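Visitor: I should like to learn how to read the features of a protein structure. May we look at one together?

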Amino acid sequence: MPDFSDVTETNEAVQNTGPDSHFDQILPAQSAAIYREFQAGRVIVRDVWDKNRSELRANPLYNMLFNHLSHFRTFYEHLGSELVFNEAGNFFFLKESSDEEGEEHDENAFRVQVVLLLIGRYFARSGRDLDYLGRSDAGLNEQDFNVMAGDEEYQDILRAARFEKGLSEALDYLDKRNLLFRSGPNRWFLSSAGLYFLNELVREYEKG
């Protein structure tokens, strides 16, 4: 099973993407906003869910990173981290080079994998294509939630991953990391990053 950070990196494909940037081309508030996202353990995806309009919209933080990739790569390198761009999933994430955060990072990765695999397993068993999990007009609905929340096997697995409050806590965990979006009171769908990681987990499972 791949680690949360162990994804296919297309760094070479975007090595020269966007113009060279300098500090005077980027507002401190923009750089600080990106830093806060990474510090919160989030990935930065190309499209985010706009709750007011109930639609996906372009993420300005993603565009800032994409257009000034060389600058931000160097910036985070000086902070002891690696800025990684995943072209297949259209997202950025920060890979820490410090060993001090290794154990915590591994636990977070494990918890993400558990939730994604449970969602994918349930969705596949219901006869639906996994790609529908990445559609705002599809994804998980209230009925799906109730079925999963009422399944004792799923609840035991979630408790083993320290989701004591069950499925609602697990979905919130993905939501806070931009791996899943809540598109309504009782509807959820995976972001491009969440769907990418799920497909990677499925591929690894099928290989094994």
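**Reading a helix and its surroundings**

Guide: Let us begin at the start of one helix. Asp151 caps the N-terminal end of H6, with a side-chain oxygen 2.9 Å from the backbone nitrogen of Glu153. Please keep in mind that this is a predicted model.

Visitor: Which residues of H6 are buried?

Guide: Burial is read from relative accessible area, and a residue counts as buried when the value is under 20%. In H6, the residues Tyr154, Gln155 and Leu158 are buried. Viewed down the axis of H6, the buried residues fall within an arc of 95°, so they line one face of the helix.

Visitor: Which exposed residues does the face of H6 turned away from its buried side carry?

Guide: That face carries Glu152 and Ala160, which are exposed. Just after H6, Arg162 takes a positive phi of about 70°.

Visitor: How should a positive phi be read?

Guide: The general idea is that most residues other than glycine have a negative phi. Two further cases deserve attention here. Ser54, although not a glycine, has a positive phi of about 55°, and Asn178 has a positive phi near 65°.

Visitor: Where do Ser54 and Asn178 lie?

Guide: Ser54 is in the loop between strand S2 (47–50) and strand S3 (55–58). Asn178 is in the loop between helix H7 (167–175) and strand S6 (180–184).

Visitor: Is Asn178 buried or exposed?

Guide: Asn178 has a relative accessible area of 12%, so this residue is buried. Ser54, with a relative accessible area of 48%, is partly exposed.

Visitor: How does one read a polar residue such as Asn59 or Asn86?

Guide: One may ask where the residue lies, how accessible it is and what it reaches. Asn59 is found in the loop between S3 and helix H2 (60–67). Its relative accessibility is 7%, so Asn59 counts as buried. Leaving aside residues up to four places away in sequence, Asn59 touches Ile44, Val45, Arg46, Asp47 and Val48.

Visitor: What does the side chain of Asn86 reach?

Guide: The side chain of Asn86 reaches the backbone nitrogen of Gly89 at 2.7 Å. Asn86 belongs to strand S4 (residues 81–86) and is buried, at 0% relative accessibility.

Visitor: How many residues apart along the chain are Gly80 and Lys95, and what separates their C-alpha atoms?

Guide: Gly80 and Lys95 are 15 residues apart along the chain, and their C-alpha atoms are separated by 9.2 Å. Gly80 lies in the loop between helix H3 (69–78) and S4; this glycine is partly exposed, with a relative accessible area of 29%.

Visitor: Which residues touch the most other members of the largest nonpolar core?

Guide: To read a core, one looks at its members and then at the elements that supply them. The largest nonpolar core has 40 residues, of which Phe91, Leu116, Ile119, Leu133, Leu140 and Leu174 touch the most other members. Elements giving two or more residues to this core include S2, strand S5 (91–96), H6, H7 and helix H8 (192–207). Helix H4 (102–125) is also among them, and H4 gives the most to this core, with eight residues.

Visitor: Which residues does Leu174 touch, not counting residues up to four places away in sequence?

Guide: Leu174 touches Val112, Val115, Leu116, Ile119, Leu179 and Leu180. Apart from the largest core lies another core, of 16 residues, among them Ile34, Leu61, Phe72 and Tyr76.

Terms used: Residues are numbered from 1 along each chain as its sequence is written. This is a predicted model: local features need pLDDT of at least 70, side-chain atom pairs count only at pLDDT 80 or more; totals for chains, interfaces and linings use all residues. Side-chain values use heavy atoms; hydrogens and water are left out. Helices (H or I, at least four residues) and strands (E, at least two) are DSSP runs, numbered from the N terminus. Buried means under 20% relative accessible area, exposed over 50%, partly exposed in between (1.4 Å probe, protein chains only). Contact means heavy atoms within 4.5 Å. A polar contact is a pair of N or O atoms within 3.5 Å; within protein, one must be able to donate a hydrogen and the other to accept it, and residues adjacent in sequence count only if both atoms are side-chain atoms. A nonpolar core is a set of buried Ala, Val, Leu, Ile, Met, Phe, Trp, Tyr and Cys residues joined through side-chain atoms within 4.5 Å. The arc is that of the directions from the helix axis to the C-beta atoms.
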